[in-house]
2 protein chains.
Amino acid sequence: MESSSARSGGSTRREATRQKLYEAAVTLIAEQGFSATTVDEIAERAGVAKGTVYYNFASKSVLFEELLRHGVGLLTASLKDAAEGTARAGGGKVDALDAMIRAGLVFIDRYPAFTQLYVAELWRTNRAWQSTLMVVRQEAVAVVEGVLREGVAAGEFSDEIDVQLTAAALVGMVLVAALDWKSFQPERSLDDVHAALSRLLQGRVSGRV
Amino acid sequence: MESSSARSGGSTRREATRQKLYEAAVTLIAEQGFSATTVDEIAERAGVAKGTVYYNFASKSVLFEELLRHGVGLLTASLKDAAEGTARAGGGKVDALDAMIRAGLVFIDRYPAFTQLYVAELWRTNRAWQSTLMVVRQEAVAVVEGVLREGVAAGEFSDEIDVQLTAAALVGMVLVAALDWKSFQPERSLDDVHAALSRLLQGRVSGRV
DNA sequence: TGATTTGAACTGACTGGTCAGTGCAAAAAT
DNA sequence: ATTTTTGCACTGACCAGTCAGTTCAAATCA
């Protein structure tokens, strides 16, 4: 039953090459798009033979799909952590929202290429991994929707807000602001960006001071 | 001097086929991405021979670049109109912002495919049309930034806001909310969506009623 | 009027190159 | 001893871009 040596999730060597392939694929695809990126390029950047790609993944599309799952999984976990952290600290739902904005920024700061790639694929239709993407998107947005709904139930947010649409808008706000940050003013600090977005969220834009 | 027949901008037939090619290309590229879309497909959907594509455009990339210019030109004009409209009506900068949100929604409602395609390409690096995209993006975002700056100067907005980042965040808010609307709840009315975003903008999310 | 010419616009078969995926024997790692 | 990786040659499909030839409406001619 138990196979070789100490393990913590899958045969270690295999997992390591899969990881290298993910990393190579994510940057290349973010830069060039899925179709413009060749398997040879991915293999080369990962420092691996082409045959190894096919030993580890059934096809180019499958590699990409698993990459998507992997990445969004990290994001979802991070958002949940953020929301639960504020809850444990006795904060309200506004704090949870704020913490999630920060978690989003941290994620994008760490994995800008993945974010870019995700955005580029998210609303496409007629692609093989379309359904994977929907599922995985819903998992992430659902975390935000959950906090909003709880906030409404607790009377902390107006019950007139449209949960689904507001969640999407919040995600968009963070996403686009962060991509802009990384693309056009990468020298700014995360705290700085976070402060600007918090201000916007709390409606402290209009109104002097 | 005057060449054939009545004309008003360019040989009419040519302009008509170019328009057909734009329309064919925009939906196909939005669905599949640039590299996955073949020139044969574009020609076929436009009801035109492949050679005609190359008679009208130097290359596939050039067709795409001109398509980008064309589309963002429409958006920029529409945003400007919206802002100026409220100014003439004696409204403040909050009204201008609100009008621009609506203009953005109207645009996305009308050209969802173009919007999708634009978002997918916007933050890519290492692509031929990268510079075109930057220029054209800046034209659009500048309109929003302009209104924010005027609002700050007029004391209508806090002078602590980060104009560039806030503009990006606002654009992102509208963009993602609208794409979500079109993708997942297309039956909702524009007014409905607009109301939800206005509420978010004016900070009427937290705080009951 | 009808016949002829002109040239911009369009056509579609063809070419040269690219790339996903295969096959397999030998080497390395565990 | 078994799993994993390598290296490399090969195939067949696909595709951007080309080009010699066709169409047709307007212009010119007779």
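**Notebook: chain A, DNA strand C and Arg18(B)**

I began with burial: 51% of the 209 residues of chain A count as buried. I note at the outset that this is a predicted model.

**Entry 1. The fold of chain A**

I next looked up the secondary structure. Chain A holds 9 helices and 0 strands. Reading along the sequence, I recorded the pattern α-α-α-α-α-α-α-α-α. For the dimensions I took the C-alpha trace, which spans about 60 × 45 × 35 Å along its principal axes.

I then turned to the contacts in chain A with a separation of 6 or more. Of these, 64% are accounted for by residues 24 or more positions apart.

**Entry 2. Surface and charge of chain A**

I looked up the exposed area of chain A and found about 9,500 Å². Carbon and sulfur atoms supply 53% of that area. I also consulted the charges: chain A carries 23 positive and 26 negative ones. The mean positions of the two sets lie 4 Å apart.

**Entry 3. The surroundings of DNA strand C**

Which residues come nearest to DNA strand C? I found 18 residues around the strand, of which Lys50(A), Thr17(B), Ala49(B), Thr52(B) and Tyr55(B) come nearest. I then asked which parts of the strand face the protein. Of the strand C atoms within 4 Å of the protein, 73% belong to sugar or phosphate, and the rest belong to bases.

I looked up individual polar pairs as well. In the side chain of Lys50(A), an N or O atom is 2.8 Å from a base nitrogen of DNA strand C. Two further pairs involve phosphate oxygens of the strand. A polar backbone atom of Lys60(A) is 3.1 Å from one phosphate oxygen, and a side-chain N or O atom of Thr17(B) is 3.5 Å from a phosphate oxygen.

I then listed the elements that give two or more residues to the surface near DNA strand C. They are helix H3 (50-56) of chain A, and helix H1 (12-32) and helix H3 (50-56) of chain B. H3(B) gives the most, with 4 residues.

**Entry 4. Arg18(B)**

I closed with one residue of chain B. Arg18(B) has its place in helix H1 of that chain. Is Arg18(B) buried or exposed? I recorded Arg18(B) as buried, because its relative accessibility is 14% and the cut-off for buried is under 20%.

I also looked up its partners. Leaving aside neighbours within four places in sequence, Arg18(B) is in contact with Asn56(B), Phe57(B) and Glu66(B).

Note on methods:
Residues numbered from 1 in each chain as written. Chains lettered and ligands numbered in written order. Predicted model: local features only at pLDDT ≥ 70, side-chain atom pairs only at ≥ 80, totals over all residues. Heavy atoms only, no water. Buried < 20%, exposed > 50% of the residue type's maximum accessible area, 1.4 Å probe, protein only. Contact = heavy atoms within 4.5 Å. Areas by Shrake-Rupley, 256 points an atom, 1.4 Å probe, with all protein chains shown as cover. Lys, Arg positive; Asp, Glu negative; His and termini not counted. Charge placed at Lys NZ, Arg CZ, Asp CG, Glu CD. Near = heavy atom within 4 Å. Polar contact = N/O pair within 3.5 Å; in protein donor to acceptor, adjacent residues only side chain to side chain.
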